[in-house]
Structure formats: C-alpha cells, structure tokens
Amino acid sequence: MQNSIEGRIVLITGCSSGFGLQTAAHLASRGCKVIATMRNLEKQNALLSEVQRRGGEVEVCRLDVTDKNSIKETITEIAAKYGYVDALVNNAGIGSLGFFEDLADEEIRQMMDINFFGVQNVTRQVIPMMRHRKQGKIINISSVSGFSASPAFGSYNASKWALEAFSESLRYELRMFGIDVLLIEPGVYRTNLFYENSHFARHYDNPESPYYPLSQYIKKRIMEYVEDCHKDIEEVPVLIEKLIRAKNPSFRNIPDIEGKTLYVLRKILPFSVYSWVVRTAVFRGYKFEK
Ligand SMILES: NC(=O)c1ccc[n+]([C@@H]2O[C@H](COP(=O)([O-])OP(=O)(O)OC[C@H]3O[C@@H](n4cnc5c(N)ncnc54)[C@H](OP(=O)(O)O)[C@@H]3O)[C@@H](O)[C@H]2O)c1
C-alpha cells in the first residue's frame, strides 16, 4: 500500500555526493520538501546542479554528524521553520580499508564516530519532533557489511554491525510512538566512497607491514570490482522513496541483487561454508607464502 509523497519533509545527511546527493535530488523531483545537509557547504554545487536538472527544490544546511552543536543548531532551525520532519535518512558515512594491525585506534574511533555515533547524534535530536506527532520514519543506510564481514573491512563492518543492532533495538522502542526505524543494506555501488572519499589504514601502504603484499592485492581487486560495477545508484533513492511511501515497510531492505544473494547465503549456509565462500572470493588468485 503506497501513500502520496508530495510535501513530505525529509531530512538527509551527507548530501554532498553519492546516495545522499541522489536521494535529495530524487525526492525533491517527487515534490518532497528536502532538507539536504552536508558538512561542507562549499560542496553544494553538485547537488544544486542535479536538482536543477531534475526539477524540485532543496534547502541546503550545514550539518556535521560528529558535531553535536551543529546538529542541535540545524535541527532547532528546522523545528522552528517546519515544526516536524516526516523522515530522517541517516546516510552520511565513510568507508575504510585496512587490516586491524595496520589501523591505528584513532582511525577505528573516527569510523565509529561518523558511521555509528553520528547516526545516534542526529537521531537523538530528531526523535522528539516525531514523537510529538506520533509519526515518522528513520531510515538508516547500513550496508551488506552490516551482516557480512570480510578481511580488511573490519572497522567498517563493526560500524555498520553496530548500526544494525542499534536500529533493531530502537525499532522496538519507538514503535509505541508511531515511529518506524528501517535499514537499507546496499551492496557495492560506484560512488565517491571508493575515490575522493576513500580511506586507507595508516599502514596500508607501508611495505614493512606484514599484510603489505595482501593489502596491495586486495586494493587492486576491489578497485577492479568497483570500476566494473555498473549498478544504477538511483536504485537506492528509488528504494528510499518506496519506504517513505509504504504503510508497513520491511525492516531490512536491500536494493541490489548481489546484496540480496549475499543475505540469503548468509542465512542458509553453515558458517564454515559461508566463510569459505568469502575467503575464496576475496583471496582468489593470491599466492600465500608457504
Ligand atoms: N557506495 C557503496 O558501495 C555503499 C554500499 C553500502 C553502503 N554505503 C553507505 O552509503 C552511505 C553514503 O555513501 P556513498 O557511497 O554515497 O559515499 P560518498 O559519495 O562518499 O558519500 C558520503 C557522504 O557522507 C558525508 N560525510 C562523511 N562524513 C561526514 C560527517 N562527519 N558529517 C556529515 N557528512 C559526512 C560525505 O561528506 P564529504 O563530502 O564532506 O566527505 C558525503 O556527503 C554511507 O553510509 C556508506 O557507508 C555505500
């Protein structure tokens, strides 16, 4: 059962590129009142051009998900102007590639600060507006990495895994207030996450690292995979629109066929078999020293 979406007020984090930018432009073209936030307003032109191309309007606001003051300021302004938001899309996030021993503690903390605590910071400020109206949807952009771990992705896996547990728990807590908490778990899409916004562990490219030959191999494999990935990024905004419209959406939502396949395999295979599949996929062709 689908509802009308025109006029809905949607707040999105991380709209300077990727899913956030496309979702803001997509929903604006559908007649939503989109509050598109980003931590660096100097990057807003890409979004504004996309909105101009598709039609509609967005209001761009500064919001760094790790900066509680900026969040409070922005949400207070939104509350004063609109009184409420219909949906919050917690999209802002970073990726990072690195074996645990190549990563510094601060790098892992930064990942958690953005991908996990960042979601909590924004959600905490938005819930009261939704609670008073007894309605609202909180859509958290997780990843297949939120249910399936792989080598060199440990800190990202941990951040999204934590996000999934938090979302599941919050869903129970907010149901009595008419607020729905939902997850989107995309597989790989070619976005800035793998280019301008890519992060590598401090010792990723250090030839002294015991992981060096393998990390170089994995980096090359991943980039080949991403370059070869022609999935339409628009699948994510379309799914978000569907979830905002839906009366009773599912908790977990996977936009792409690879993600769906991985989810089913994870569910049905014994872990020994599943982990063999992951190991084979990641290390295929790599010659381990005997
Ligand atoms: N692409 C994929 O394959 C994939 C798959 C599954 C899940 N995801 C998830 O999708 C979400 C969006 O990623 P994307 O692929 O669209 O990558 P992206 O193009 O790199 O976009 C990430 C966005 O998050 C913003 N951001 C980072 N740190 C922030 C902070 N502290 N405060 C506010 N905004 C911040 C970035 O802003 P700046 O431009 O200022 O850095 C950027 O706007 C992330 O949560 C990611 O984990 C991506």
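Start by selecting strands β4 (residues 87-90) and β5 (residues 136-141) in this predicted model. The two strands run parallel and are joined by 4 bridges. To see one of these pairings, pick V89 and look for I139, its bridge partner in β5.

Now keep β4 selected and add strand β1 (residues 9-12). Here 3 bridges make the connection, and β1 and β4 run parallel. Click on L11 and you can find its bridge partner in β4, L88.

While you are at β4, turn the view to look at its two faces. Are they covered or open? Both are covered. A87 and V89 lie on one side, L88 and N90 lie on the other, and all four residues are buried. A general rule is handy to keep in mind as you rotate: in a regular strand, side chains alternate between the two faces of the sheet.

Next, select helix α7 (residues 235-245). Which of its residues are buried? They are V236, P237, L239, I240, E241 and I244. Show the surroundings too, and you will meet some familiar elements: the cover over these buried residues includes β1, β4 and β5, along with α1 (18-29), β6 (179-184) and β7 (252-253).

From there, move on to α1 and add helix α2 (residues 44-54). Two packed helices are described by the angle between their axes and the distance between the axes. For α1 and α2, the angle is about 30° and the axes are 9 Å apart. That angle is under 35 degrees, so the two helices count as roughly parallel. The crossing of α1 past α2 is right-handed. To light up the contact, select L21, A24, A25, A28 and S29 in α1, then A46, L47, E50, V51 and R54 in α2. By class, these contact residues are 7 nonpolar, 1 polar and 2 charged.

For the last stop, select helices α3 (residues 68-82) and α4 (residues 105-133). Their axes come within 9 Å and cross at roughly 25°, and α3 and α4 are therefore roughly parallel to each other. Again, the crossing is right-handed as α3 passes α4. Which residues of α3 should you pick to see the contact? Choose K68, I71, K72, I75 and A79, which meet N121, V122, Q125, V126 and M129 in α4. Colour this contact by class and you will see 6 nonpolar, 2 polar and 2 charged residues. As you follow the residues along each helix, remember that an α-helix has 3.6 residues a turn, so residues three or four places apart point the same way.

How values were computed. Residues are numbered from 1 along each chain as its sequence is written. This is a predicted model: local features need pLDDT of at least 70, side-chain atom pairs count only at pLDDT 80 or more; totals for chains, interfaces and linings use all residues. Axes are lines fitted to C-alpha atoms, for helices over the stretch in contact, and angles run from 0 to 180 degrees between N-to-C directions. Angles under 35 degrees count as roughly parallel, over 145 as roughly antiparallel, 65 to 115 as roughly perpendicular and the rest as oblique. A crossing is left-handed if the near helix is turned anticlockwise from the far one by less than a right angle, and right-handed if clockwise. Two residues are in contact if their C-beta atoms, placed from the backbone, lie within 7 Å. Ala, Val, Leu, Ile, Met, Phe, Trp, Tyr, Cys and Pro count as nonpolar, Asp, Glu, Lys and Arg as charged, and the others, Gly among them, as polar. A residue is buried if 20 or more other C-beta atoms lie within 10 Å of its own, exposed if 12 or fewer, and partly exposed in between; C-beta atoms are placed from the backbone. Two strands pair if DSSP finds at least two bridges between them.
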